[in-house]
Amino acid sequence: MTTEARPHPLYSPVSVPLATARNVSSAPVPPLIPPAGEPVEEPAHDTPVQGTPVYDAPPPGTPARVPGGRAAGRRAGHDAGLRAARRAGHPGTRTRPGREPGRPRPASAARPASAPRLAPGRLGDGIIAGAGAVALLWGVQARPSARLDAFFATAAHLTGLLAGYGVLVLLLLMARIPAVEHGVGADRLARWHSRGGRYTLGLIAAHTVLALCGYAVHSRTDLVTATGDLLGYGALAAAVAGTALFTAVGITSARAVRGRIRHETWHAVHLGALLAAALGFVHQLAGPDIAGGLLTRWLWSMAHATVAVLLLWYRFAVPVRAALRHDLRVVEVRDEAPGVVSVLIRGRGVARLRAESGQFFRWRFLRRGLWATALPFSLSAPVRDDTLRITVKAIGDHTRRVRRLRPGTRVLASGPYGALTAHRRTRRKVLLLAGGVGITPLRALFETLPGGPGDLTLLYRASEEGGLVLRAELEAIARERQAALHYLLGPSDGSYDPLAARSLKALVPDLAAHDVYLCGPPAMARAATASLLRAGVPAARVHAENFGEPARA
């Protein structure tokens, strides 16, 4: 027997209804990013925004429908939605003359020219094809033999070649190539890098053991004596040093260790992987599989040189060039909620960065205690007037220092990165599902995603009303765009789960017809994803970029 889920007494979803939003015509909406230094007047969190009253959910057992939402969705086709977006001055669309004064200004670079994007499937296919080519190279040179030492040696050659190729793939995944970052997504790249690292370490270990066994059998000595003999060769000593460095990288990346060390320590150890790759390359050039042919040696060297150039260009040259070109500086730090601040950063020609809503940069603030660490923060508003904005929650030493930044502080920004953009959209209707400070990229998308009345819905999960970040802006955007906005308030350990499949379907009856953009704490994102799949949303239409909490950030 099933029963209707009932809200916990402390759980209180509140909504900004579409029907009410449509009736707002005279109340001016403040600019979402005012000029630096101007005070921002925000309504108190316990009072409704003028002309946009909030209301509690209907009685338990009654679906919490947004007034007019479904009807508006049926009436408005995609073309009608685009016309409505144009009437609202939506970025990337033609704006009719005489737009009402006081409405949010369109973002000047919210819809940049489309950048090249490499689809995840194509990148994965390319990696697999490369591994096949390496195995083919081994197969062409392998000589069948029934001798035990030959078996060990041949297997050692295969695992060594695949390990060398794996190192190249790991470096390529973290080279921050824009087409890869924008098409695959930083979170997926990080997961592939982590998984590939484990495979590569396993191949290195297998190569080491097989080579030792092969040499011991061939020379008829024990493993200890064989190890001492092999260390007398320079190329093999380089391989041992590289293996030690790779092992250190693997240990510090383990979840049990990663959370116990400072980010600077973890980063310094990872830089050792570059030296390890170079030492491994020296070892490979001395091996029979690579040294045996001029063409093979040339191809292997070109592959390493290409990855090295990509790393140097995108990890070092491009950020330095951007710093010189754009001269980014902090212009204002603004309190948004307890422990949460927004930082406004202005520079020259910022539109040339081609940043899109939903993307993030890695920020390096040139002040004591922050300059040594690049902090990844999403844009919390579209780019306009050469100004970027991030919204940061204090969760560690570095993020607590961000709130003490002073105007004029120089900023180095690398990016933009991330694939949580409008390019992932496949359906007319979109649900934005945010948790905590994960609202930041979705707030930017809430303003810039094309759509007409009823096409956009934002669900914002927070433990209490005081934890709602950028609330005034969200309500202004909902009113301006005639979009649905629901706050899902209540403790995460309550008996009523607002992110359960039934609860989500009650708030968004045609949920399965939506694209879903999701951003929030890891546990919330996992629970929400599972609920969305149970509610009938295909996995391909759940778009998220989720990262664990940074260690001591």
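Start with helix α15, residues 439-448, in this predicted model. The helix is mostly covered, with 10 of its 10 residues buried. That list takes in I439, T440, P441, L442 and R443, and it carries on through A444, L445, F446, E447 and T448. Charged side chains are part of the buried set here, R443 and E447 among them.

Now hop along to α16, which spans 471-481. Here 10 of the 11 residues are buried, so this helix too is largely enclosed by the rest of the structure. The buried ones include R471, E473, L474 and E475, followed by A476, I477, A478, R479, E480 and R481. Just after α16 comes Q482, whose phi is positive at about 55°.

What links these two helices in space? One handle is V469, which sits in the loop between β10 (456-462) and α16. Its relative accessibility is 2%, and since the cut-off for buried is under 20%, V469 counts as buried. V469 touches I439, a residue of α15, and also L474, one of the buried residues of α16. Its other contacts, leaving out residues up to four places away in sequence, are E336, A337, V340, T391 and Y460. If you'd like a C-alpha distance to check, V469 and R443 are 26 residues apart along the chain and separated by 9.7 Å.

Next, look at strand β12, residues 515-519. Five of its five residues are buried, so the strand is largely enclosed by the rest of the structure. In a regular strand, side chains alternate between the two faces of the sheet. For β12 both faces are covered: D515, Y517 and C519 are buried on one side, and V516 and L518 on the other.

β12 also has strand partners. Strand β9 (residues 430-435) runs parallel to β12, and five bridges join the two; within that pairing, A434 has C519 as its bridge partner. Strand β13 (residues 542-544) is parallel to β12 as well, paired over three bridges, and there Y517 is matched with H543. To get from β12 to β13, the chain crosses through helix α18 (residues 522-534), and this β-α-β crossover is right-handed.

Stay on that stretch of chain for a moment, and find R541 in the loop between α18 and β13. What is the nearest side chain of opposite charge to R541? It's D515, at 5.0 Å. A salt bridge needs the charged atoms within 4 Å, so that distance leaves R541 buried yet without a salt bridge. There is a polar partner, though: the backbone oxygen of H514 lies 2.9 Å from a polar atom of the R541 side chain. Beyond its neighbours up to four places away in sequence, R541 touches T426, R427, A512, A513, H514, D515 and V516. Two of those, D515 and V516, belong to β12 and are buried on its opposite sides.

For a contrast with all this burial, finish at G369, in the loop between β5 (360-365) and β6 (375-378). G369 is partly exposed, with a relative accessible area of 32%. Setting aside neighbours within four places in sequence, G369 is in contact with H398 and R401. G369 and R401 are 32 residues apart in sequence, and their C-alpha atoms are 7.5 Å apart in space.

Terms used:
Residues numbered from 1 in each chain as written. Predicted model: local features only at pLDDT ≥ 70, side-chain atom pairs only at ≥ 80, totals over all residues. Heavy atoms only, no water. Buried < 20%, exposed > 50% of the residue type's maximum accessible area, 1.4 Å probe, protein only. Helix = DSSP H or I, 4+ residues; strand = E, 2+ residues; numbered from the N terminus. Pairing = 2+ DSSP bridges. Right-handed = clockwise from strand over helix to strand, strands pointing away. Polar contact = N/O pair within 3.5 Å; in protein donor to acceptor, adjacent residues only side chain to side chain. Contact = heavy atoms within 4.5 Å.
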